[in-house]
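Welcome! Here are some short exercises on how helices pack, each with a worked solution.

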Amino acid sequence: IARTANELVGDLNPQQAEAVQYRGPALLIGAGAGSGKTRVLTRRIAYILSQFGAWPSQILAITFTNKAAAEMRERLSALIGPVAERMWVSTFHSACVRILRRDGKSIGLDSGFSIYDTADCERLVKLIAADLNIDVKRYTPRAILSRISDYKNNLEGWQDKLREQAPDYRPGQRGYQIGNPGNAEALYAIVYAEYQHRLAAANAVDFDDLIGRTVELLRRDPAVADYYRHKFRYILVDEYQDTNHAQYVLIRELAGVDAAKGAPAPANMPYAGREGQAWITVVGDSDQSIYAFRGADIRNIQDFEQDFPNAKTIMLEQNYRSTQTILDAANAVIAHNEGRKPKKLWTALGKGEPIVGYAADNAQQEAAWIAGEIARLHGEENIGYSDMAIMYRANAQSRSLEEALINAGLPYQLVGGTRFYERREIKDAIAYLQGIVNPADDVNMRRILNVPKRGLGARAEAIVAGYAETNAIPFYAAIERLDSIEGVPTRTANQLRAFRDLMDGLRKFAADPANRPSDIVAEVLSKSGLLDELKKSEDPQDASRVENLSQLQSVAAEFEQNTPDATLAGFLETTALVADSDQLPGEGEDSGKVTLMTLHTAKGLEYPVVFLTGMEQGTFPHSRAMEDASELSEERRLAYVGITRAKRRLYVTRAAVRAQWGQANEMMPSQFLDEIPDGLIDWKRREAGVERMRANWSNGGFDDDEFGGWGDDDFGGTTYGGSAYGSGSRGGSYGSSSSYGSYGSTGSTYGSSSYGSS
Ligand code: ATP
Ligand code: MG
């Protein structure tokens, strides 16, 4: 469908329309939440196609999640028709998978490479730690992986790290023992090198590698770089504030920004690319940068104008999502962050309902009240369950909320938590599939060697692994050469042979083009014995595992229906790349369920009704962040993201007592509540009585030492500024004697110095 310019910009405001139509090499659309950034990006793509005369294949659009990509593709289909289906609209990770599958050969990646998820990576680090004799109590695999991830997000290669820290180490070196080194940096460098060495040997990559190795490919292979620079004439990135350094470099490499000078313009491009570089459009909001812990660098958006020559910035100021009350709250909270450019954001939607606040005695009561309110909204105000979302800072908070919803008989869906693809039985089945596609994949092969149990325990694994290491061949290749391995007990040898026959049989089955991915899944489940083992089990949990496995087969069937030429490798790719938010139903599908999710997952989404829960110091902001000014700012951005998800109604709730690590803890109201102007919140219950949980406090009570000291030392300091607490703005919320009545005699501690009276 060819669209006229007017059809594409007629219903937009002037700034939005300008952004859609802008012609130039670098455009930043910076704006607050709900101002239509994503909408403008989508329209701009349609505009580039219909008005600039670009080919669909010349556009690369990057979104933050697969769900966002699917949504954008859907909207594009509505605007420009079915060509949208074939376009590169994807996450960074999916785009890189596609590039590496096609061209990874030149950096040593076979096109069937495996993608390791966090659990796989942890397994690999554990294997390495065992071989190098690393004390995993002191250097946990998680900590090591997080360090490796940092290196990769900053494009620091293992070769450089090794040269700096441990120049004598050779990856793959046998018998090397680290033990407890004086120099932790050397340990990290060695594990990093070894980790990359083994990934390469297994023809595997981790998530960070998808970006880093694509950059490496573009830098090392000029022909490949040239191909993509000519191919992609327009690159558009949503949620740009959450890109990390590696992603930033990737965009530059793909666009040919640094290589552009003097490069000839592609002949077929009437507009973009005269400078020899792709036209870049990025949209984002520096106030919504919430992924610093994964390496996101807010400077990418802040420095955009310096980074990209002839860059243009367009600000959007009208919010189309939320009521004025919700916007006022969001603006007031984010205004407490230092060093940001103030933004004007207004809405024509009117004041709307006040924000509703509720202070509960504990987490269970908080959850029960929310469930009651949801039932009321549904019953009395006819609001659909799927129009309501409950958000929280950490996954662990979902448990009490779920319980309350179940008790109230309300339908809900949880996003995140233990994800489908992280479940043990699903990982086992996927490991078989990976082993079929990529026999060099040691982590997955070793995972299934004795799953289900077939008498191939740790000893058998060690014998095979030893042979593989000595001969520098993959684990499975060693099993194939079983006859030349010495000292294998007969029983073990027989079992190994049976395992080899099983895998060979499965591989033959998978190679037959008549067998589709769902057939292969079924074959694996039955021939491997995975299903039988679970069916025979008495453990009630195993019954639900059986259901999960049948679900996996349905996922494969669904994949076939949506994908022409569906292959097993293609199926594995989609399973490897699903992120939390991808479990949400797509645009237009009404789940009929209340959504529960973390604030991080909520980015980019919107709901008519939003509950922000756990608004307490130590919960949100997270306790880790309270001491550190920059982390506190990040938490505040997260609060801004949360508040701005709401279209019509916003609830803020807190609990006065919350269990953490099995301990009942006294929780102070979140400072973010204080930062919302008092008049905006209608408190249904403002003061929570605190249950006395004497038994859980080591010294038997809330005495002066604990609370007096807290108020003075931890809250009085620079992070907080004295103003947040103790100012009169809170009205009667603190310090009134009734609120702490349940304290009995120790109640007097409250309302005194640490909170100030109103
Ligand atoms: P976020 O910062 O949360 O990602 P955003 O800036 O990407 O938000 P969108 O999600 O694109 O904002 O838009 C927010 C809402 O406003 C959407 O429901 C969108 O359809 C609507 N909207 C945006 N622009 C307009 C417009 N000109 N007219 C009507 N509705 C609009
Ligand atoms: Mg958006």
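Before starting, one definition: axes are lines fitted to C-alpha atoms, for helices over the stretch in contact, and angles run from 0 to 180 degrees between N-to-C directions. Keep in mind that this model is predicted.

**Exercise 1.** Describe how helix α6 and helix α7 are arranged.

*Solution.*
- Step 1: Locate the helices. Residues 118–132 form α6, and residues 141–153 form α7.
- Step 2: Look at the axes, which come within 9 Å and cross at roughly 110 degrees.
- Step 3: Classify the angle. Angles of 65 to 115 degrees count as roughly perpendicular, so α6 is roughly perpendicular to α7.
- Step 4: Find the contact residues. α6 contributes C121, E122, V125, K126 and A129, while α7 contributes P141, R142, I144 and L145.
- Step 5: Sort them by class: six are nonpolar, three are charged and none is polar.

**Exercise 2.** Do the same for helix α2 and helix α3.

*Solution.*
- Step 1: Here α2 covers residues 14–21 and α3 covers residues 37–51.
- Step 2: Their axes cross at roughly 45 degrees and come within 8 Å.
- Step 3: That angle makes α2 oblique to α3.
- Step 4: The crossing of α2 past α3 is right-handed.
- Step 5: Q16, A19, V20 and Q21 of α2 meet V40, R43, R44 and Y47 of α3.
- Step 6: This contact of α2 with α3 has four nonpolar, two polar and two charged residues.

**Exercise 3.** How many helices and strands are there in the protein chain?

*Solution.*
- Step 1: Count the elements: the protein chain has 29 helices and 18 strands.
- Step 2: Add the burial: 45% of its 758 residues count as buried.

Methods. Residues are numbered from 1 along each chain as its sequence is written. Chains are lettered from A and ligands numbered from 1 in the order in which they are written. This is a predicted model: local features need pLDDT of at least 70, side-chain atom pairs count only at pLDDT 80 or more; totals for chains, interfaces and linings use all residues. Helices (H or I, at least four residues) and strands (E, at least two) are DSSP runs, numbered from the N terminus. Angles under 35 degrees count as roughly parallel, over 145 as roughly antiparallel, 65 to 115 as roughly perpendicular and the rest as oblique. A crossing is left-handed if the near helix is turned anticlockwise from the far one by less than a right angle, and right-handed if clockwise. Two residues are in contact if their C-beta atoms, placed from the backbone, lie within 7 Å. Ala, Val, Leu, Ile, Met, Phe, Trp, Tyr, Cys and Pro count as nonpolar, Asp, Glu, Lys and Arg as charged, and the others, Gly among them, as polar. A residue is buried if 20 or more other C-beta atoms lie within 10 Å of its own, exposed if 12 or fewer, and partly exposed in between; C-beta atoms are placed from the backbone.
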